[in-house]
Amino acid sequence: MTAVDTDILAVAREQVLERGEGLGQEQLLAVLLLGDDRLEELLQLAHEVRMRWCGPEVEVEGIVSLKTGGCPEDCHFCSQSGRFPSPVRSAWLDVPGLVRSARETRDTGATEFCIVAAVRGPDARLLSQVREGIKAIREDGNDIQIACSLGMLTQEQVDELVAMGVHRYNHNLETARSHFPNVVTTHTWEERWETLRMIRAAGMEVCCGGIIGMGESVEQRAEFAAQLAELGPDECTMNFLIPQPGTPYEQYEIVEGRDALRTVAAFRLAMPRPLLRFSGGRELTFGDLGTKQGMLGGINAIIVGNYLTNLGRPAAQDLEMLDDLKMPVKALNQSL
Amino acid sequence: MSTEFCARCGRVEADGDHTRCAVLLASIDPPRFCADCGRRMVVQVTPAGWVANCSRHGERTSTSPSVD
């Protein structure tokens with residue numbers, strides 16, 4: 001008898017909740033195929049898993065785009081690719097702007113500030129801007145933890161970021177390996193994996209996730225969750241497609257709320273221990289009610305405030321929600 | 001400030017239905033086009049706001065009295 005011959009939630013309760021062992025790809029597919037009549041039960045289990053293996057704290061993060069637009073890559077979901085007729089124009093954030101953004105983030109009570117650039121990989125100018133920015137943030141008396149997302153890296157660049165004090169690096173695999181060539185053609189899934197491997201080996205925390213709703217099948221969602229679990233990130237970031245004007249995915253439908261919630265829960269059952277972060281697109285996909293359900297369905301980290309090119313909810317609204325849910329915001333001195 | 005162009009799609013406000021644009025501008029999208037001349041603006045989104053620059057009409061911010 002295989003695991004999926006018995007009730008998948010009963011299996012998950014024993015395997016994930018009791019033993020802390022994530023579900024495999026075939027099991028995840030069974031979860032994703034559960035009917036709406038099992039959704040509440042699934043979310044409850046994912047929440048129990050999160051509470052058991054992560055605790056009640058929620059990690060709050062703010063992000064900012066240091067270099068916007070003009071990216072040479074062709075990620076079909078992205079309004080910042082220079083290859084599509086998107087209304088997003090190139091912009092550079094100067095160091096004082098970066099310091100203000102870090103301060104705005106710290107003022108929300110967030111413990112994590114992620115500096116992001118729309119590039120294939122950083123050049124010397126960008127790394128210099130990051131270095132100056134981090135120095136200026138520290139000189140401003142801001143002790144927030146700093147993460148970066150600057151595309152694909154060389155080993156030398158990884159070492160440089162470590163020396164700058166960057167404690168976590170975000171590099172999303174974006175989607176299942178089998179679907180990636182439909183989403184990006186200018187680089188490969190394997191190139192992204194290689195950057196992630198170097199980050200891990202250098203001792204930085206690994207943040208890796210992707211975007212749900214880019215035309216992937218339910219089987220590919222299961223495949224993606226299993227591949228992420230194999231990577232074993234410290235944080236998995238879950239975005240939901242915002243169909244951006246001018247991109248090839250402009251006409252794609254927003255992921256249906258119940259499917260999105262099932263996916264959140266499935267990702268938690270694939271990865272019981274990492275931070276699972278609500279990221280871009282949650283406002284459109286989930287709304288207020290769905291966001292709360294997600295927080296009670298496996299999520300234990302959020303991005304507050306605005307995103308890179310889109311706006312989010314005011315940070316105070318999310319913090320009030322966490323207060324209502326009696327989920328304490330993780331303090332700066334707490335480690336993973 | 002007069003609103004002649006849709007700040008989201010850049011088309012003339014009087015042409016077509018911009019209801020969806022208005023909804024998205026009120027929720028997830030910063031303005032991308034100058035409402036006065038329809039030029040594409042340089043927009044910087046920050047954690048708590050945004051700044052948009054039109055080469056002809058200057059800077060607007062999320063705290064400006066009227067942004068669209």
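The expected span of a helix is 1.5 Å times one less than its number of residues. Keep that rule at hand for the second exercise, and remember throughout that this is a predicted model.

**Exercise 1. Get to know the two chains.**

Task: Find how many helices and strands each chain has, and decide how each chain's radius of gyration agrees with that of a compact globule.

Solution.
- Step 1. Begin with the elements. Chain A contains twelve helices and ten strands. Chain B has one helix and three strands, and along its sequence they come in the pattern α-β-β-β.
- Step 2. Turn to the extent of each chain. Along the principal axes, the C-alpha atoms of chain A fill a box of roughly 55 × 40 × 35 Å, and those of chain B fill one of roughly 30 × 25 × 20 Å.
- Step 3. Apply the globule rule. For 336 residues, a compact globule would have a radius of gyration near 20 Å, so the 19 Å of chain A agrees. For 68 residues the value would be near 11 Å, and chain B, with 11 Å, agrees.
- Step 4. Look at burial. In chain A, 54% of the 336 residues count as buried; in chain B, buried residues make up 38% of the 68.
- Step 5. Finish with contacts between residues at least 6 apart in sequence. In chain A, 79% of these join residues at least 24 apart, while in chain B the share is 30%.

**Exercise 2. Check the span of a helix.**

Task: Compare the reach of helix α3 of chain A with its expected span, then find what covers its buried residues.

Solution.
- Step 1. Helix α3(A) covers residues 39-53, which makes 15 residues.
- Step 2. By the opening rule, the expected span is 21 Å, and the helix reaches 21 Å from its first C-alpha to its last, close to that expectation.
- Step 3. Now pick out the buried residues: L42(A), L43(A), L45(A), A46(A), H47(A), V49(A) and R50(A).
- Step 4. Their cover includes α1 (8-18), α2 (25-32), α10 (257-270) and α11 of chain A.
- Step 5. For a single example from α1(A), take L9(A), which lies in that helix. L9(A) has 20 C-beta neighbours inside 10 Å, so L9(A) counts as buried. Leaving aside residues up to four places away in sequence, L9(A) touches R38(A), E41(A), L42(A) and L45(A).
- Step 6. Just past the helix, G55(A) has a positive phi of about 95 degrees.

**Exercise 3. Find the two sides of a helix.**

Task: Which residues of helix α6 of chain A are buried, and which exposed residues sit on the face turned away from them?

Solution.
- Step 1. A general point helps here: an α-helix has 3.6 residues a turn, so residues three or four places apart point the same way.
- Step 2. In α6(A), residues 155-164, the buried residues are Q157(A), V158(A) and L161(A).
- Step 3. Viewed down the axis of α6(A), these buried residues fall within an arc of 105 degrees, so they line one face of the helix.
- Step 4. The face turned away from that buried side carries the exposed residues Q155(A), E156(A) and A163(A).
- Step 5. The buried residues pack against α5 (124-139), β4 (145-149), β5 (168-170) and α8 (189-201) of chain A.
- Step 6. After the helix comes G165(A), with a positive phi near 90 degrees.

**Exercise 4. Trace the neighbours of a strand.**

Task: Work out how β1(A) pairs with β10(A), β3(A) and β2(A), giving the sense and the number of bridges for each.

Solution.
- Step 1. Check burial: ten of the ten residues of β1(A) are buried.
- Step 2. With β10 (residues 301-303), β1(A) runs parallel, joined by three bridges. Here V60(A) has I302(A) as its bridge partner.
- Step 3. With β3 (residues 112-117), the pairing is also parallel, over six bridges. I63(A) is partnered by C114(A).
- Step 4. With β2 (residues 91-92), the sense is antiparallel, with two bridges. T68(A) stands opposite A91(A).

**Exercise 5. Describe where the chains meet.**

Task: How many residues does each chain bring to the contact, and which element of chain A gives the most?

Solution.
- Step 1. Chain A brings 21 residues and chain B brings 16.
- Step 2. On the side of chain A that touches chain B, the elements giving two or more residues are β1 (59-68), α4 (95-107) and α11 (282-295).
- Step 3. β1(A) gives the most, with four residues.
- Step 4. By type, this side of chain A divides into nine nonpolar, nine polar and three charged residues.

Conventions
Residues numbered from 1 in each chain as written. Chains lettered and ligands numbered in written order. Predicted model: local features only at pLDDT ≥ 70, side-chain atom pairs only at ≥ 80, totals over all residues. Contact = placed C-beta atoms within 7 Å. Nonpolar A, V, L, I, M, F, W, Y, C, P; charged D, E, K, R; others polar. Buried ≥ 20, exposed ≤ 12 C-beta atoms within 10 Å, placed from the backbone. Arc of directions from axis to C-beta. Rg over C-alpha atoms; globule rule 2.2 N^0.38 Å. Pairing = 2+ DSSP bridges.
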